[in-house]
Amino acid sequence: MSRSDVSPTFNRPSVEQAELVVLDYGSQYSLLIARRIRELGVYCELMPATADVSEIAARKPRGIVLSGGPHSVYDDGAAGLPEGLLDLGIPVLGICYGAQLLAHSLGGKVASAPSREFGRAEVLVEGESPLLNGVESRSVAWMSHTDHIVEVPPGFEVFARSGDGLVAVIGDGAMFWGVQFHPEVAHTAFGRDLLRNFALDLCGCAGDWSATSFIENTVEWLRTRIGDRRVICALSGGVDSGVAAALVSRAVGDQLTCVFVDNGLLRLGEAEQCMDVFARHLHMRVVKVDATDKFLGALEGVVDPEEKRRRIGRSFMEVFEEVAPTLGDADFFAQGTTYPDVIESAGDSKRHSSAAAKIKTHHNVGGLPDTMRLELLDPLSFLFKDEVREVGRSLGLPEEIVDRHPFPGPGLAVRMTGAVTRERLERLRRADHIFISELRAAGLYKHTAQALAVLTSERTVGVLGDARTYEDVLALRAVDTEDWMTADWSRFSHDFLATVSNRIVNEVPGISRVVYDITSKPPATVEWE
């Protein structure tokens, strides 16, 4: 069966309804809105702004959130409200562009602001409203807009203004609300309270969604979907694939076979650790396939990161489809795709906004061939990384898997710029091992969200003894983040970085210079490729 034959709802993680739906108009914060709402115990999903109202209604939501976006409501081709959305009889909250769109659609007026509001701004509450219940009369919010609402729709009131006097919060007092700032961003002091007021009080959401309820619903969904057929699961040893495998194992037991592909792109000792944890400790059936030659052959001479990912994705599926007949004719292929993977790959308009830009192709999203015979199972494709970890703990996965830093499916191939060779891979493995070992020794590993080494394609002059060298530059990167959609670089001490650098240049032949990446996300991504 090809991927085009699969139902658009095939990859949904569960059969439960979404209590809230976030319509994505292309904001960089759209996914963060969904995450903040889930933190309130409310299950919500992100849908494209172009979704038909019947698709939205099928989720049986109690409320709708309209995200921000980069456009003006007057731009040619600017996304509007799905026809009939305001007739569903449920509360709607517009954020930034969403607020302007709501006002414009209901007879208000939007215009270019005399001055752009960007960053922290003061918000002054005027009167009482259920949306702002408990919010102080003067507070701080995060603004990012050039247009503003100059006339509210009939029946609406202004409930707050910015320090510049511009409209900040509007509403009809019951069903329709708009906020000009971003409540989902941590810089908005009262953002969590506002979202709670909307979700729990105005929409009547239960607030009882949790990892436990997700597990129960997903296991039921998997059992129904799989029946008595067989599944193979791509196992990398990381938290995403480990949790996906554990969920399928709980659902169908021995019908699952995990396939661990040693693609030659793994970190030092990774293959042995994976086999030990999943086969010996978790008693799953794991088949190891050594496909190093296949992957390195496919990558020979390739330097473009997108092409690397595509070739790795194709090679993975070729391996799985070759192995499947030996495992009892498997029908399904399970993988650990997460929500940020789907959004960043921006390849499936059924799962996110067509307004979202593709950041990079994830090998398990955009790198799969259209001719793939196995049917996909993506049980985690609507979970954030912290939610995946919580599910993993609830399933009883060991700490060494649950708390492990993320590692990309394409492995070290996308942690080196330039061509992938055996020699360069070995160099990067040894440097990466030193960095991670020193993080653990210093007690820093659990205090940073992700750390990695990148072998660059740059070479610089150095001195070894009395001789001139011309060798590789290695970059170290570590970030602090909650959701992986935004991240800041980790502030390590100079002494720690000096220790790591000294070990690498002394113990890894071919590297003569070490640098530390101090770029946040955005504008950079966590990984370099």
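# Helix packing and salt bridges

R459 is partly exposed, with 44% relative accessible area (buried is under 20%, exposed over 50%, partly exposed in between, with a 1.4 Å probe and protein chains only). That arginine sits in a predicted model, where local features need pLDDT of at least 70 and side-chain atom pairs pLDDT 80 or more, while totals for chains, interfaces and linings use all residues. Numbering starts at 1 along each chain as its sequence is written, and side-chain values use heavy atoms, leaving out hydrogens and water.

**The chain as a whole**

- The protein chain has 14 helices and 18 strands (DSSP runs numbered from the N terminus: H or I of at least four residues for helices, E of at least two for strands).
- Of its 529 residues, 57% count as buried.
- Take the contacts in the protein chain with a separation of 6 or more: 76% of them join residues 24 or more positions apart (contact means heavy atoms within 4.5 Å).

**Salt bridges**

- Searching the whole structure turns up 33 salt bridges (a Lys or Arg side-chain nitrogen within 4 Å of an Asp or Glu carboxyl oxygen).
- R459 pairs with D472 in one of them, at 3.9 Å from N to O. R459 belongs to strand 15 (residues 450-464) and D472 to strand 16 (residues 467-480), so this pair ties together parts that are 13 residues apart in sequence.
- D472 counts as buried, at 7% relative accessibility, while its partner R459 is partly exposed.
- R393 and D403 also meet through their side chains, with 2.7 Å from N to O. Here R393 comes from helix 11 and D403 from the loop between helix 12 (399-402) and helix 13 (422-441), so the bridge ties together parts that are 10 residues apart in sequence.
- Both ends of that bridge are partly exposed: R393 has 48% relative accessibility and D403 has a relative accessible area of 24%.
- R311 and E307 make a salt bridge inside helix 9 (residues 305-323), where they are 4 residues apart, about one turn of the helix. Their closest N and O atoms are 2.9 Å apart, and R311 is partly exposed at 29% relative accessible area.
- There's a network too: salt bridges link R35, R36, E39, R192 and D386.

**Helix 6 against helix 11**

- Helix 6 (residues 239-252) and helix 11 (residues 385-394) cross at roughly 45°, and their axes come within 10 Å (axes are lines fitted to C-alpha atoms, for helices over the stretch in contact, with angles from 0 to 180 degrees between N-to-C directions).
- These two helices are therefore oblique to each other (under 35 degrees is roughly parallel, over 145 roughly antiparallel, 65 to 115 roughly perpendicular, the rest oblique).
- The crossing of helix 6 and helix 11 is left-handed (the near helix is turned anticlockwise from the far one by less than a right angle; clockwise is right-handed).
- On the helix 6 side, V239, D240, V243 and R250 take part, facing K385, V388, R389, V391, G392 and S394 of helix 11.
- That contact divides into 4 nonpolar, 2 polar and 4 charged residues (Ala, Val, Leu, Ile, Met, Phe, Trp, Tyr, Cys and Pro are nonpolar; Asp, Glu, Lys and Arg charged; the others, Gly among them, polar).

**Helix 6 against helix 5**

- Helix 5 (residues 211-226) packs on helix 6 at an angle of about 65°, with the axes 8 Å apart, and this crossing is right-handed.
- From helix 5, F214, I215, T218, V219, L222, R223 and I226 meet L247, V248, R250, A251 and V252 of helix 6.
- By class, the helix 5 and helix 6 contact has 9 nonpolar, 1 polar and 2 charged residues.
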